[in-house]
Structure formats: C-alpha cells, structure tokens
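Good morning, colleagues. Please look at the sequence and the model on the screen while I take you through the fold, one helix and the cysteines.

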Amino acid sequence: MIFLYILIAILFVLFLITLIPVGIKARFHNKVYCDLKIGFIKIKLLPEKPKKKKTEEKPKVKEPKPKKENQKEKEISLKKLLKQNGVSGIINILKKIASLAVGALKDVFKHIIIRELSIDVVIGGDDAAETALNYGKACSVVYPAVSTITQACICQDFNVLVSPDFTDGSKSSASCKLEADIKIFWLVKAVIVHGFKALQVLIKLRKANETVNKDENSND
C-alpha cells in the first residue's frame, strides 16, 4: 500500500512538472537578444558571453574526412529501395514523413501562447521608386507570415507595422519583440503521439530494407 502511495505521489509531481510553461523572450534591434524561460528560471541564450582567451592554444587537430565509401553505400541502398518499392512506394513513405512533421507542428503550435508580438519595419531606398518597390515586397512577406503565425497560435497581443521612408538614400531598419510560451505537457504529448507514429514508419522502412537484402542474397 505504501508503494502505491509513493507511485501516486511521483505521478502527481510529474504531472505538476508538465504544467510548467517553457517559453522564449526575444527582441531584435541591431542585435538579437533571446532568453529561455522555464517557469521562473531565465536562461540567457543570446548574445553569448565572450569566452575567456586561453594563454596557450592547443594545436588544432584535423578531423578525418568522411569516407566516400559510406556515401556510395547510402546511394546504393536508396537505389535498392527504389527498385524494390517503386517510385510510388517511396513517394508514399515521404508523404507519411511530411504529414507526421506537419501534424506534430500543428499540435505544438496550437498550444503556443504568444504574449507579445511586435514588429516595426521601415523600408528605405536610394530613390522613391526603389523604396516603393521594396515596400511592396516587404508587405507581401511580413503580413502573410504574421497572419499565419497568429492563426496557428494563441495570440494575445500583436502589433505589426511596415512603413516606407521616401527620403532619398534612406536605409531600411527593423525591430521586433516576441514573448511566447507553451506548457511542457503539450510538448510531451506531441513527442509521445507523433513519436509512436514515426516509429511505425521507421519499422516499415526497415522491413522494406530487409526485404531488399533478402532478395539480393537469394539472387547471389
């Protein structure tokens, strides 16, 4: 009975851990600043701290170049799979991998909470015509990208502005801020669910490879 209570307590603690939010707080203005937040803990990612210079530098050891034989073996194995399964079989495998990646990203992104998203872009150029052209290109990229992000995630506050500066010789500039987080629970769930599906695809690939090797050995 005591063991059961201990097990329940451990599971409860693990459940509480999964409720901890993990997020990033980033901003860009001439330089990128980025912090990783795990609950109340903040870890500075960018800019990196300057490394201390060592008084004595060890001589660099040249890394051995990868052998060409490994690359040839990979090419041969791919050709074998293509021969055994055909183009349609390989395409189906690639489709499954792509759908797994898209599904995993969707499951993660729909639980991401964007606390703040702020983008301010000023477009300049050598003359008014160039500025207008660059402004149109910027708008065609920035606004659809932000729209996709805000639709995929839970966005609480966002402000996006792209504006032209028609002064001759003006330079383009950009600044942005992002604060977003997601609970560990949703990350663990995505890893478990889509990891199991990915394992199934890998098993199918392995079986296909074993079939190819068997056929080759029988021919020999």
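What share of the contacts in the chain with a separation of 6 or more is accounted for by residues 24 or more positions apart? The figure is 73%. Please bear in mind that this is a predicted model.

I turn to the overall architecture. The chain has four helices and seven strands, arranged along the sequence as α-β-β-β-α-β-α-β-β-β-α. It has 220 residues, and 17% of them count as buried. Its accessible surface is about 17600 Å², with carbon and sulfur atoms contributing 64%.

Let me now consider helix α3, residues 128-152. With 25 residues at 1.5 Å each, α3 should span 36 Å, and the C-alpha atoms at its ends are indeed 36 Å apart. At the N-terminal end, D127 acts as the cap of α3, placing a side-chain oxygen 3.3 Å from the backbone nitrogen of A129. Within the helix, the buried positions are T131, A138, C139, V142, V146 and T150. The partners against which the buried residues of α3 pack are β4 (113-125), β5 (154-155) and β6 (158-168).

Finally, the cysteines. A disulfide is a covalent bond between the sulfur atoms of two cysteines. With a cut-off of 2.5 Å between sulfur atoms, the model contains zero disulfides. C153 is in no disulfide, since the nearest cysteine sulfur, belonging to C155, lies 7.7 Å away, and the cut-off is 2.5 Å. C153 is nevertheless buried, at 9% relative accessibility. C34 is also buried, with a relative accessible area of 13%.

Key. Residues numbered from 1 in each chain as written. Predicted model: local features only at pLDDT ≥ 70, side-chain atom pairs only at ≥ 80, totals over all residues. Heavy atoms only, no water. Helix = DSSP H or I, 4+ residues; strand = E, 2+ residues; numbered from the N terminus. Buried < 20%, exposed > 50% of the residue type's maximum accessible area, 1.4 Å probe, protein only. Contact = heavy atoms within 4.5 Å. Areas by Shrake-Rupley, 256 points an atom, 1.4 Å probe, with all protein chains shown as cover. Expected span 1.5 Å × (residues − 1). Polar contact = N/O pair within 3.5 Å; in protein donor to acceptor, adjacent residues only side chain to side chain.
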